[in-house]
Amino acid sequence: MSITVRVPAKVNVQLAVGAARPDGFHDLANVFLAVSLYDEVTVTPADELRITCSGPDAGQVPLDASNLAARAAMALAARYGITPDVHVHIAKDIPVAGGMAGGSADGAGALLACDALWGTGASRDELLAICAELGSDVPFSLIGGAALGTGRGERLTPLEVGGTFHWVFAVADGGLSTPAVYGEFDRLAAGADVPEPAASPALLDALRTGDAAALAGALANDLQAAALSLRPSLADTLAAGTAAGALAGLVSGSGPTTAFLVKDEDAARTVAEALLASGTCRTARVATSPAPGARVL
Ligand code: C5P
């Protein structure tokens, strides 16, 4: 018997970053929006815990115990006194190390799949608590839709979204390390007064009313300068996307994927083609939001 869970990628429409905390994390006001690019995580009983991955970028995914899907299976098993003898297969479609929470998606997906396979009866809150131990973005992968994340991003308040937003994602060559981008943020902020992170009322309004032009005007990512500093070529990608007619572009999370909000499906196709032709990215993906969270297929 196998269980398959489908789980979405995310874009941060606002990522407000505070000063580094004593534990090394940063307090955030992180407005997550799930988008329609999905990984599928399948778990099957096996002799021992084993991870495999398929898809064009599978070679970049670690298959050892550092994989969040492996850690999720082990965390749930430990809590319920189960031996985590499962084969976890990840069919990967979310860009790897791209700032779109692909690893977090696999963690949330494996957790939900193992929970269904083992019939633990864990509550939603228990699953969310395990997600938060696995990583700051993992709880959002479980719930999907749109949410404001506070603390290090793991404390979620679901948000209303009043329409469908259209996106193009420009996938860069290679990944960026999230800790390295936060480290660069700290270096750039050294000596400056970093304000308390707060969600933008204009941005929350734009989400609630489904107003793409208003959302475009409110998109903000405090990690963007740090990602651009580590990967200056992303400025060319951002310029290519906006020149092609995107309403706005920004770095997705810690990058290096860049996200372009567009008016509609036609604009998405035009911008994706222009981005590819510009030679400033490896590939361009079209998606919509909001998308549902992790769910058993
Ligand atoms: O929580 P997660 O394991 O995804 O975080 C990865 C790294 O990103 C952390 O080790 C930290 O360097 C950085 N981070 C941070 N503040 C956050 C979330 C992540 O500094 N709120």
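**Figure 1. Residues around the ligand in the predicted model.** The ligand is surrounded by Gly24, Phe25, His26, Leu28, Gly135, Ser136, Asp137, Arg152, Gly153, Thr178, Pro179 and Tyr182. Sorted by class, this shell consists of four nonpolar, six polar and two charged residues.

**Figure 2. Elements and domains that supply the shell around the ligand.** Strand β2 (26–45) and helix α5 (178–189) each provide at least two residues of the shell. The largest share, three residues, is that of α5. Both domain 1 (3–159) and domain 2 (165–289) take part, with at least three shell residues drawn from each.

**Figure 3. Buried residues of helix α6.** Helix α6 spans residues 201–209, and within this helix Leu203, Ala206 and Leu207 are buried. These three residues lie on the same side of α6, because they cover an arc of only 100° around the axis.

**Figure 4. Packing partners of helix α6.** The buried residues of α6 pack against strands β1 (3–20), β2 and β5 (146–150). Helix α7 (212–218) is also among the elements against which these buried residues pack. Strand β2 thus appears in two of these views: β2 supplies residues to the shell around the ligand, and β2 is packed against by the buried residues of α6.

**Figure 5. The exposed side and the end of helix α6.** Pro201 and Ala202 are exposed, and they are found on the other side of α6 from the buried residues Leu203, Ala206 and Leu207. After α6 comes Gly210, which has a positive phi near 70°.

Key:
Residues are numbered from 1 along each chain as its sequence is written. This is a predicted model: local features need pLDDT of at least 70, side-chain atom pairs count only at pLDDT 80 or more; totals for chains, interfaces and linings use all residues. A residue is near a molecule or strand if its C-beta atom, placed from the backbone, lies within 6 Å of it. Helices (H or I, at least four residues) and strands (E, at least two) are DSSP runs, numbered from the N terminus. Ala, Val, Leu, Ile, Met, Phe, Trp, Tyr, Cys and Pro count as nonpolar, Asp, Glu, Lys and Arg as charged, and the others, Gly among them, as polar. Domain bounds come from an automatic or database domain assignment. A residue is buried if 20 or more other C-beta atoms lie within 10 Å of its own, exposed if 12 or fewer, and partly exposed in between; C-beta atoms are placed from the backbone. The arc is that of the directions from the helix axis to the C-beta atoms. Two residues are in contact if their C-beta atoms, placed from the backbone, lie within 7 Å.
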